[in-house]
Each structure stands twice: as structure tokens, then as C-alpha cells.
Amino acid sequence: MIIEAPLCQRCCFCLPLRRGIIAFGYFNILWSTFMTAFMIFTDHTILLIHGTAQDWGEPAAYIARIMDIVLSAVLVFGGHKNLTVCLKVFFYYTCLTLLAIFVIQIYALTKLFYYNSAIETGLFIISTIIHVYLLLQINSLINKINKTTFETGYENQLGEFGAKHIEIKNGSTDATVHIE
């Protein structure tokens, strides 16, 4: 990646990084499917994506939801198979949608100030924080996959817990293994 970002070892401080990203992908698929069904059954085309509600019209709202479902499926697939290409596709998609929604939200606040803009702004801020955290997680996973693939070909799970060396004492043979 081009940007320098902090590397995370765990998702939400408890889940392994890869499993947390996969869980987020499944949750995003379920949420987008639910919102698409809600739009179909209620004939309500206001699109709530990344915390911003906009009335984009029927075709644009459906296209945006379907793209979100497909790219979340790409995230899940990339997470399961450790494919950095799929993870980067979702990374760039999320960056672009956050940028677009940020511009739309700023425009809505400056030009179209209306009664529930404080609620939408709060949802937008919370959603932006969650998605930036997800971007940091995906960036960490991409770096972790690249590091394990190029250096050793396997993932050292003991390294996550801070073990720097292991001493093995077996009868008359003493061995020390250094993990870096």
C-alpha cells in the first residue's frame, strides 16, 4: 500500500485479524441484503449507505446496494482464500465510497440544512469511524499476508502473543529457538 498506517494484530482486540474481517464482510452482506429487500418491499428509495441518507432515485439506489453486496462478497472470498487482490479491491472501493459520501454529506450540511441533519451527521461520523477502522484492519491483513508469503510461507501464530524465544530442555540436549 502507498500509505503508512498502524498495523493491527487483532480485530476489536479479541478476534484474529482475518476472522474479524470475514465476520464484518458477512455482516455487511446481510445488512445490504436487508436494506435492498426493505427498499423493494416499501418502495422507499432513500439510500442509507455509510451513514448518509440520500434520495438518489430507484436505479441508483439498487445499483449502489448490489455493488455493496458484490464487493462485500469479494471481501469475504479474499479473506477466506488470503487473496490480497480481492482485499485491495474492497479497500479501494471503501475509500472511494467514503470520499464520495463525505463530499455528499458536506454538500448536504452546507446547502440543504434541514431538521434531521444532526441525526444523519451523527450516523455519518459513527459509520466513518467504523469504516476507517475496517480500512486499517484490511491494510494490516494485506501487510500480514504479504509478509508471511514473502518471508517464510507460513504464519507464525506465536509471534502474535509476544513470544520472542522458546527454550526447550530435553534431558541432556538444550535448544533455544528465536522467533522474530
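At what angle do H2 and H3 pack, and how far apart are their axes? In this predicted model, the angle is about 145° and the axes lie 8 Å apart. Those two values are the usual way in, since two packed helices are described by the angle between their axes and the distance between the axes. As for handedness, H2 passes H3 in a left-handed crossing. On the H2 side, the contact is built from Ala64, Met67, Asp68, Leu71, Ser72, Val74, Leu75, Phe77, Gly78 and Gly79. H3 answers with Cys86, Leu87, Val89, Phe90 and Tyr93. Sorted by type, the residues where H2 meets H3 come out as 11 nonpolar, three polar and one charged.

Stepping back, the protein chain holds four helices and six strands. Following the sequence from start to end, the order is β-β-α-β-β-α-α-α-β-β. The protein chain has 180 residues, and 34% of them count as buried. Long-range pairs feature strongly here: among contacts with a separation of 6 or more, 59% join residues 24 or more positions apart.

H2 has another helix partner to look at. Helix H1 (residues 17-42) and helix H2 (residues 58-81) have axes that come within 9 Å and cross at roughly 160°. An angle over 145° counts as roughly antiparallel, and H1 and H2 are therefore roughly antiparallel to each other. This crossing, with H1 passing H2, is left-handed. The contact of H1 with H2 draws on 15 nonpolar, eight polar and three charged residues.

What about the interior? In soluble globular proteins, nonpolar side chains tend to be buried together. Here, the largest nonpolar core has 16 residues, and the ones with the most contacts inside it are Ile21, Leu75, Leu87, Phe90, Leu134, Ile138 and Leu141. H1, H2, helix H3 (84-111) and helix H4 (117-151) each put in at least two residues, with H4 giving the most, at six. Two of these core residues, Leu75 and Phe90, also turn up in the contact between H2 and H3.

Ile21 gives a feel for how the core is knitted together. Leaving aside residues up to four places away in sequence, Ile21 touches Cys11, Leu75, Gln137, Ile138 and Leu141.

Asn28, a residue of helix H1, is worth a look too. With a relative accessible area of 9%, Asn28 is buried, the cut-off for that being under 20%. Again setting aside residues up to four places away in sequence, Asn28 touches Asp68, Ser72 and Phe90. Each of those three also takes part in the contact of H2 with H3.

Definitions and conventions:
Residues are numbered from 1 along each chain as its sequence is written. This is a predicted model: local features need pLDDT of at least 70, side-chain atom pairs count only at pLDDT 80 or more; totals for chains, interfaces and linings use all residues. Side-chain values use heavy atoms; hydrogens and water are left out. Axes are lines fitted to C-alpha atoms, for helices over the stretch in contact, and angles run from 0 to 180 degrees between N-to-C directions. Angles under 35 degrees count as roughly parallel, over 145 as roughly antiparallel, 65 to 115 as roughly perpendicular and the rest as oblique. A crossing is left-handed if the near helix is turned anticlockwise from the far one by less than a right angle, and right-handed if clockwise. Ala, Val, Leu, Ile, Met, Phe, Trp, Tyr, Cys and Pro count as nonpolar, Asp, Glu, Lys and Arg as charged, and the others, Gly among them, as polar. A nonpolar core is a set of buried Ala, Val, Leu, Ile, Met, Phe, Trp, Tyr and Cys residues joined through side-chain atoms within 4.5 Å. Buried means under 20% relative accessible area, exposed over 50%, partly exposed in between (1.4 Å probe, protein chains only). Contact means heavy atoms within 4.5 Å.
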